[in-house]
Amino acid sequence: MKVVVIGEPSGASMETIMSVYPRHKSVVDRYIESGDVIGIGPFVGGGNMAIFKSREAAEKFTAEDPFILEGLVKSFIIKDWMDTML
């Protein structure tokens, strides 16, 4: 089983997003390097998603991601995902 974090955008300006992006990318890079996140990025039209190997990693990520902590992601949900393409 994998775990998906789906975020809803806050409507922040691109200028604000880009000012926070380097700190966000630093967190993302750590999770990629550790192998905990296997996919991450924005949806066309707004919002974003990340796929994690465990709920523990997803919860830790949401507790430290600057996009979430600084309100650039208005809300998010964490869902268990039964990936059938193992």
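**Exercise 1. Determine the burial of phenylalanine 52 and describe its aromatic partners.**

Step 1. Phenylalanine 52 has a relative accessible area of 0% and is therefore buried; buried means under 20% relative accessible area, exposed over 50%, and partly exposed in between, with a 1.4 Å probe and protein chains only. The structure is a predicted model, in which local features need pLDDT of at least 70 and side-chain atom pairs count only at pLDDT 80 or more, while totals for chains, interfaces and linings use all residues. Residues are numbered from 1 along each chain as its sequence is written, and side-chain values use heavy atoms, with hydrogens and water left out.

Step 2. Phenylalanine 52 and phenylalanine 61 form a tilted aromatic pair, with 5.3 Å centre to centre and 50 degrees between the planes. Rings of Phe, Tyr and Trp (its six-membered ring) pair if their centres lie within 6.5 Å; planes under 30 degrees apart count as stacked, over 60 as edge-to-face and the rest as tilted.

Step 3. A search of the whole structure finds 3 aromatic pairs. One of these, tyrosine 31 with phenylalanine 52, is edge-to-face, at 6.1 Å centre to centre and 90 degrees between the planes. Because tyrosine 31 lies in helix H1 and phenylalanine 52 in strand E3, this pair ties together parts that are 21 residues apart in sequence. Helices (H or I, at least four residues) and strands (E, at least two) are DSSP runs, numbered from the N terminus.

Step 4. Tyr31, Phe52 and Phe61 form one aromatic cluster.

**Exercise 2. Identify the largest nonpolar core and the elements that supply it.**

Step 1. The core has 11 residues: Val3, Val5, Val27, Val28, Tyr31, Val37, Ala50, Phe52, Ala57, Ala58 and Phe61. A nonpolar core is a set of buried Ala, Val, Leu, Ile, Met, Phe, Trp, Tyr and Cys residues joined through side-chain atoms within 4.5 Å.

Step 2. At least two residues of this core come from each of strand E1 (2–9), helix H1 (14–34), strand E3 (48–52) and helix H2 (55–64).

Step 3. Another core, of 5 residues, lies apart from it and includes Val20, Phe67, Ile68 and Val73.

**Exercise 3. Establish the order of the strands in the sheet and the pairing at E3.**

Step 1. The open sheet consists of 4 strands in the order E2-E3-E1-E4, with antiparallel pairing. Two strands pair if DSSP finds at least two bridges between them.

Step 2. E2 and E4 stand at the edges with a single partner strand each, so one side of each has no neighbour in the sheet.

Step 3. E3 is joined to E2 by 5 bridges and to E1 by 5 bridges. Within E3, asparagine 48 stands opposite proline 42, alanine 50 opposite isoleucine 40, and phenylalanine 52 opposite valine 3.

Step 4. E2 and E3 form a hairpin with 5 residues between them, and glycine 45 in the turn has a positive phi of about 95 degrees.

**Exercise 4. State which residues of H2 are buried, and where they lie on the helix.**

Step 1. Ala57, Ala58, Phe61 and Thr62 are buried in H2.

Step 2. Seen down the axis of H2, these residues fall within an arc of 130 degrees, so they line one face of the helix; the arc is that of the directions from the helix axis to the C-beta atoms.

Step 3. The face turned away from the buried side carries the exposed residues Glu56 and Ala63.
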